[in-house]
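The following exercises concern strand pairing, burial and cysteine chemistry. Each task is followed by a solution in steps.

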Amino acid sequence: MQIIFDDNNLHHALAPLTLTKPVSQLRFGIQTVEESWLALFEKQFNEITKTYNTEAYLNVKYPQGSATNDTITISGNIKPTKSLFQQVITLKEGEALYSNGERIALKGKQELKKIVLSKTITFPHFNKVWELFQHNDTALKVDFEIITEHRQSNKLNDTNKVSAPNEIFVEEGAQVNHAILNASTGPIYIGKDAEIMEGSIIRGPFAIGEHATVKMGAKIYGATTVGPHCKVGGEISNSIFQAYSNKGHDGFMGNSVIGEWCNFGADTNTSNLKNNYSNVKIYDFGKKQMVLSPILFCGTIMGDHSKTGINTMLNTATVVGVSANIFGGGFPPKYIPSFAWGGVENTDKFIIEKAFEVAKNMMARRKIELSDADQSILTHLYNLA
């Protein structure tokens, strides 16, 4: 089975999260979109190859796809349900599956016949960055059902206070002690070798990935996803951490999506609602300007490798590019470009060699190297900044 994950012309709409990766690599629910599709395909096919229809500069890491008659091309912004998956794998050559005018999947090299999905089959999806956290509740529940089906959860010990224990799934090696877990509002998934420390209060739906950590006394509201190898603390509401990022200290974060290899200094706070309760303006990478959105709540959207210093205050609907280093007093701008160095005043451009050094140092703590492909992608973005 050959699968091509297609960006579906959403590269700019989902930036800065997609500046360093294809759309299908975004975490939405418990898993990335790509991981969710592959988990279903792997139950029916022995060998699977994957490629991408994405931006040319990303092909150094994510190879370009070339369809054959048997290839299935899937839109990278669509989270599969079991019923949707069954519709996709029954497509014949030349058939394309659509919903609300948007193509979900195509079998073969070219579209010859359009099939409209039944309105009874619904699925989580996103076309804007804020829709990732808006629809994370549904996406998390879809993933939870598929991942835990016909499986037995490990047991929580008696030091924990639990509501709706049947809606909590604990993977092997996870450690949870003296925590309060309320799954009556949505499922709670605790990944392999993850840790939830003492005094943490968690309300579902919630997911923590493998080897991730919730620090002592954290307060987390759903729908929140803490990706693999992340460390979080303080107060968090309806946010997604992709992977390998840290918000380990006190401070509020709400209605936010955080990329990989990001770090928030102690007492960094994100505003998620304007004082006048009006819809937020948010930076649009396609139009290269602030645009009025249809939403009231939005915190911070941050690209990979970006950092904040201690006591950083981020305005409502702040958008941060890739490899920005934010520090200093006062409120930084609502749009902070990639490789920015500074805060309110005297913002400079991060020297590329220094940006590589910081990335290598952080990644080395997880025993991961900054690859030549990663450096090529970052260099391309640096030249555009």
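**Exercise 1.** Does Cys230 count as buried or exposed, and what is its relative accessibility? Determine also how many disulfides there are.

*Solution.* The model is a predicted one.
Step 1. Cys230 has a relative accessibility of 0%, so it counts as buried.
Step 2. A disulfide requires two cysteine sulfur atoms within 2.5 Å. Under this rule, the count of disulfides is zero.
Step 3. For Cys230, the nearest cysteine sulfur belongs to Cys262 and lies 9.0 Å away, and Cys230 is in no disulfide. Cys262 likewise is in no disulfide, its nearest cysteine sulfur being that of Cys230, at 9.0 Å.
Step 4. Cys262 also has 0% relative accessibility and therefore counts as buried.

**Exercise 2.** Establish which residues of strand S1 are buried on each face.

*Solution.*
Step 1. In a regular strand, side chains alternate between the two faces of the sheet.
Step 2. On one side of S1 are Gln2, Ile4 and Asp6; on the other are Ile3 and Phe5.
Step 3. These residues are all buried, and both faces of S1 are covered. For S1, residues 2-6, the tally is five of five residues buried.

**Exercise 3.** Identify the strands that pair with S1, and the unit that S1 makes with H1 and S2.

*Solution.*
Step 1. S1 pairs with S2 (residues 49-53) in the parallel sense over five bridges; here Asp6 stands opposite Asn53.
Step 2. S1 also pairs with S3 (residues 72-75), in the parallel sense over four bridges; Phe5 stands opposite Ile74.
Step 3. Together with helix H1 (residues 33-41), S1 and S2 form a right-handed β-α-β unit.

Conventions. Residues are numbered from 1 along each chain as its sequence is written. This is a predicted model: local features need pLDDT of at least 70, side-chain atom pairs count only at pLDDT 80 or more; totals for chains, interfaces and linings use all residues. Side-chain values use heavy atoms; hydrogens and water are left out. Buried means under 20% relative accessible area, exposed over 50%, partly exposed in between (1.4 Å probe, protein chains only). Helices (H or I, at least four residues) and strands (E, at least two) are DSSP runs, numbered from the N terminus. Two strands pair if DSSP finds at least two bridges between them. A crossover is right-handed if, with the strands pointing away from the viewer, the path from the first strand over the helix to the second runs clockwise.
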